[in-house]
Amino acid sequence: MRATLQRVTRATCTVDGELTGQTGPGLLVLLGVAPGDTDATAHAMAAKIAKLRIFGDEQGRMNRSVQDIGGGILSVSQFTLYADTRGGNRPSFTAAAPPDHARALYHTFNAALRALGLPVGEGVFGAHMFLDLTNDGPVTLTLDLD
């Protein structure tokens, strides 16, 4: 499982002109699922993200987690995180999980975040989504549990 995190002051997701998910201060999480990922992987990724200390404390040091600041998450499925661009100019996505497997683990991941007390807005799995965000910092990290 792979996630790209962006620390945000706000983020929204719209599909066909309809707002599907949003967050205020917190994280935009782009989540990619690999074929070998399991429920345990989804729970481990959620726990790592919830506890990752990338928000500033009183001295401006990255010592607080999204849980610590009472932040939220906008979670968006993103199979393109598993793009292989080594051969030619057209990416291959064979390293990404098949849609049914990825959809199930995306929902498991979101449920795990909620179980940790985080408010979670969602994108729409498999839809053409438009994301609007204000990156804070900017802080952008990639986590890989493969």
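Helices (H or I, at least four residues) and strands (E, at least two) are DSSP runs, numbered from the N terminus. A cavity, on a 1 Å grid over the protein atoms alone, is a set of points where a 1.4 Å probe fits but cannot get out, while a pocket is an open set with protein on both sides within 12 Å along at least five of seven lines; lining residues have an atom within 4 Å of a point.

The structure is a predicted model, in which local features need pLDDT of at least 70 and side-chain atom pairs count only at pLDDT 80 or more, whereas totals for chains, interfaces and linings use all residues. Residues are numbered from 1 along each chain as its sequence is written, and side-chain values use heavy atoms, with hydrogens and water left out.

## Overall fold

The protein chain contains 2 helices and 8 strands. Read from the N terminus, the order of elements is β-β-β-α-β-β-β-α-β-β. The radius of gyration, taken over C-alpha atoms, is 15 Å, which agrees with the value near 15 Å for a compact globule of 146 residues. The globule rule behind that comparison is 2.2 Å times the number of residues to the power 0.38. Along the principal axes, the C-alpha atoms fill a box of roughly 45 × 35 × 30 Å.

Of the 146 residues in the protein chain, 43% are buried (buried means under 20% relative accessible area, exposed over 50%, partly exposed in between, with a 1.4 Å probe and protein chains only). Contact means heavy atoms within 4.5 Å. Among contacts with a separation of 6 or more, 72% join residues 24 or more positions apart.

## The largest pocket and α2

The largest pocket holds about 340 Å³ of space, a volume being the space filled by probe spheres set on grid points that are joined across faces, edges and corners. It is lined by 18 residues, and those closest to its centre are S77, Q78, F79, G126 and M129. At least two lining residues come from each of β3 (26-32), β6 (72-77) and α2 (99-115). The largest share, 3 residues, belongs to α2. By class the lining has 13 nonpolar, 5 polar and no charged residues. In this scheme Ala, Val, Leu, Ile, Met, Phe, Trp, Tyr, Cys and Pro count as nonpolar, Asp, Glu, Lys and Arg as charged, and the others, Gly among them, as polar.

Helix α2 has 17 residues and reaches 24 Å from its first C-alpha to its last, close to the 24 Å expected at 1.5 Å a residue; the expected span is 1.5 Å times one less than the number of residues. Its buried residues are A102, L105, Y106, T108, F109, N110, A112 and L113. An α-helix has 3.6 residues a turn, so residues three or four places apart point the same way. The buried residues of α2 pack against β3, α1 (39-51), β6 and β7 (120-122). Just after α2, G117 takes a positive phi of about 90°.

## Individual residues

R7 is in strand β1 (residues 2-15) and counts as buried at 10% relative accessibility. Beyond its neighbours within four places in sequence, R7 has contacts that include G26, L27, I54, F55, M62, D136 and V139.

Three loop residues are set out below, with contacts counted beyond four places in sequence.

| Residue | Loop | Relative accessible area | Contacts |
|---|---|---|---|
| F93 | between β6 and α2 | 31%, partly exposed | F79, T80, Y82, A83 |
| A95 | between β6 and α2 | 37%, partly exposed | A34, P35, Y82 |
| D57 | between β4 (55-56) and β5 (62-64) | 15%, buried | N63, R64 |

F93 and L81 are 12 residues apart in sequence and 8.7 Å apart in space, C-alpha to C-alpha. For A95 and P25 the separation is 70 residues in sequence and 32 Å in space, C-alpha to C-alpha. D57 and E18 are 39 residues apart in sequence, with 35 Å between their C-alpha atoms.

## Backbone geometry

Most residues other than glycine have a negative phi, and most peptide bonds are trans. D16, which is not a glycine, has a positive phi of about 50°. D16 sits in the loop between β1 and β2 (18-23) and is exposed, with a relative accessible area of 73%. The peptide bond from G137 to P138 is cis, with omega near -5°. P138 belongs to strand β8 (residues 130-144).
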